[in-house]
Amino acid sequence: LSSSVTMSPKHVVFKKISRDKSVAVYMAKRDFVDHCDFVDPVDGVIVIDPAQLKGKKVYVMLSCTFRYGRQDMDVMGVAFRRDLFLVTRQVYPELQDKEKLTHTKIQKKLLKKLGDNAFPFFFEFPDNLPCSVALQPGPSDVGKKCAVEFEVKAFCAEHQDEKIDKQSSVRLSIRKIQFSPENSKVVPVTETTFEFLMSEKPLHIKLSLPKETFYHGEPVKVNVEITNSSSRNVKDISMSVEQVTNVVLYSNDKYVKSVAKEDTTDSVPSGTSLKKDYTLYPLLAYNKDRRGIALDGRLKHEDTNLASSTIVKDEVLKEVQGMLVSYKVVLRMIVSVELPFRLMHPKPEPGITGVCVCVCVCVCVCVDNLY
């Protein structure tokens with residue numbers, strides 16, 4: 001459903017139609033941003049075919065689901081799926097006037113373009129929901145992965161609680177992502193001293209980063225200072241960025257994956273010192289098909305990036321987040337030293353105007369006279 005065509009400065013409108021043509025969903029975006037103090041609302045337009053409905057009602061549902069393992073593992077009463085959030089609203093027949101249900105400019109434009117059988121929908125996220133995240137399956141893995149997933153579903157039914165007919169329903173995956181908060185002035189630094197047996201003087205190590213938050217695709221520069229006053233020779237120095245994913249629902253599993261690494265021949269003989277900058281590149285491009293790497297969710301036919309660092313808001317239970325992701329720089333030699341940092345999305349430039357429609361065959365078609 002996504003398009004690889006960039007139509008700047010135009011928006012893309014995603015469209016999906018049910019198999020029986022009774023209902024279609026139009027959405028101007030599939031990524032919704034958690035700005036820390038508020039979350040972008042989920043809005044769109046449903047287009048119906050009254051003849052195909054045959055007197056049924058039309059509902060739209062927003063869900064956030066935590067999955068752990070394959071669907072065929074849901075046996076013996078053990079649930080490997082949990083709905084973290086689920087809300088359903090009736091779209092047709094409308095319960096209020098269209099004007100009261102229309103919240104955004106894009107909805108107004110779509111309603112004008114799509115005619116009398118178009119109806120708006122609008123959801124707000126509660127404060128405690130996690131962001132989209134998924135553990136990358138290996139090449140031989142099949143079935144559902146471990147993930148926090150969001151979905152918009154439109155369907156026709158006599159009542160909202162009855163079993164949904166796949167022929168009369170539309171499912172569209174969306175993502176909840178988070179941009180970096182305002183730049184903090186914190187400069188991450190860690191210093192440590194090691195003393196060895198049979199050595200009168202210690203080994204002193206200092207790691208520092210230029211800033212606390214790095215953006216996806218940005219190189220991570222690490223400054224290393226080693227003063228070796230000990231009688232031991234230090235060699236085989238390596239630097240890495242490690243992604244730590246804690247699955248906090250059901251399992252308490254912990255995945256530690258190196259997503260960037262540099263092995264060096266640098267050494268610090270006894271009585272000498274080393275001061276050097278190392279540059280690491282934590283990118284999904286270097287970790288394709290590696291099982292257990294956490295990603296910022298994944299929409300069908302679309303690439304993504306390494307998962308962003310999790311920011312847990314005050315008074316929100318960590319368990320409700322499903323998975324917690326963090327990053328650290330690790331220096332390894334005779335001893336190991338770690339320094340945490342954040343990896344996130346930068347805040348984008350302010351809004352763009354214009355609209356296009358992306359149809360199911362992944363062709364992006366510009367909509368004329370939308371205004």
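The points below walk through a predicted model of a protein chain, from its overall make-up to single residues.

1. Overall make-up. The protein chain holds three helices and 22 strands, and of its 371 residues 46% count as buried. Where contacts between residues at least 6 apart in sequence are considered, 68% of them join residues at least 24 apart.

2. The largest nonpolar core. This core has 75 residues, and those with the most contacts inside it are Val-42, Ile-46 and Phe-121. Because domain 1 (14–178) and domain 2 (189–344) both give residues to this core, it lies between them. A second core, separate from the largest one, is made of ten residues, among them Ala-24, Tyr-26, Val-47 and Ile-106.

3. The surroundings of Ile-46. When its neighbours within four places in sequence are left aside, Ile-46 is in contact with Val-23, Ala-24 and Val-25, with Val-58, Val-60 and Val-91, and also with Asn-117, Ala-118, Phe-119, Phe-121 and Ala-154. Phe-121, one of these contacts, is itself named with Ile-46 among the residues that have the most contacts inside the largest core.

4. The open sheet of four strands. Its strands follow the order β11-β12-β14-β17, and their pairing is antiparallel. The edges are formed by β11 (189–194) and β17 (273–280), each of which pairs on one side only. On average, neighbouring strands of this sheet are turned by 15° against each other, with direction ignored.

5. Pairing inside that sheet. Strand β12 (residues 203–208) is joined to β11 by six bridges, and the two run antiparallel; Thr-192 has Ile-205 of β12 as its bridge partner, while Val-189 has Ser-208 of β12. Strand β12 also pairs with strand β14 (residues 220–228), again in the antiparallel sense and over six bridges, and here the bridge partner of His-204 is Thr-227 in β14.

6. The open sheet of five strands. This sheet has the order β13-β20-β19-β15-β16, and its pairing is mixed. Strands β13 (213–215) and β16 (254–263) stand at the edges with a single partner strand each, so one side of each is left without a neighbour in the sheet. The twist from one strand to the next averages 35°. Strand β15 (residues 238–247) runs antiparallel to β16 and is joined to it by nine bridges, with Lys-261 in β16 as the bridge partner of Ser-240.

7. Arg-175 and its partner. Arg-175 is found in strand β10 (residues 169–178), and because its relative accessibility is 10%, which is under the 20% limit, it counts as buried. Its side chain is joined to that of Thr-304 by a polar contact of 2.9 Å. Arg-175 is also placed 7.2 Å from Glu-149, C-alpha to C-alpha, although the two are 26 residues apart in sequence.

8. Thr-304, on the other side of that contact. Unlike Arg-175, which is in a strand, Thr-304 is found in the loop between β18 (294–295) and β19 (323–332). With a relative accessible area of 15%, Thr-304 is buried. Besides the side-chain contact with Arg-175 at 2.9 Å, a polar atom of the Thr-304 side chain lies 3.1 Å from the backbone oxygen of Gly-297. Leaving aside neighbours within four places in sequence, the residues in contact with Thr-304 are Arg-175, Leu-284, Leu-295, Asp-296, Gly-297 and Arg-298.

9. Thr-65. This residue lies in strand β5 (residues 57–67) and counts as buried because its relative accessibility is 4%. The side chain of Thr-65 makes a polar contact of 3.1 Å with the side chain of Asp-83. Apart from neighbours within four places in sequence, Thr-65 is in contact with Arg-81, Arg-82, Asp-83 and Leu-84, and with Ala-147, Val-148 and Glu-149. Glu-149, which appears in this list of contacts, is the residue whose C-alpha is placed 7.2 Å from that of Arg-175.

Conventions
Residues are numbered from 1 along each chain as its sequence is written. This is a predicted model: local features need pLDDT of at least 70, side-chain atom pairs count only at pLDDT 80 or more; totals for chains, interfaces and linings use all residues. Side-chain values use heavy atoms; hydrogens and water are left out. A nonpolar core is a set of buried Ala, Val, Leu, Ile, Met, Phe, Trp, Tyr and Cys residues joined through side-chain atoms within 4.5 Å. Buried means under 20% relative accessible area, exposed over 50%, partly exposed in between (1.4 Å probe, protein chains only). Domain bounds come from an automatic or database domain assignment. Contact means heavy atoms within 4.5 Å. A polar contact is a pair of N or O atoms within 3.5 Å; within protein, one must be able to donate a hydrogen and the other to accept it, and residues adjacent in sequence count only if both atoms are side-chain atoms. Two strands pair if DSSP finds at least two bridges between them. Axes are lines fitted to C-alpha atoms, for helices over the stretch in contact, and angles run from 0 to 180 degrees between N-to-C directions.
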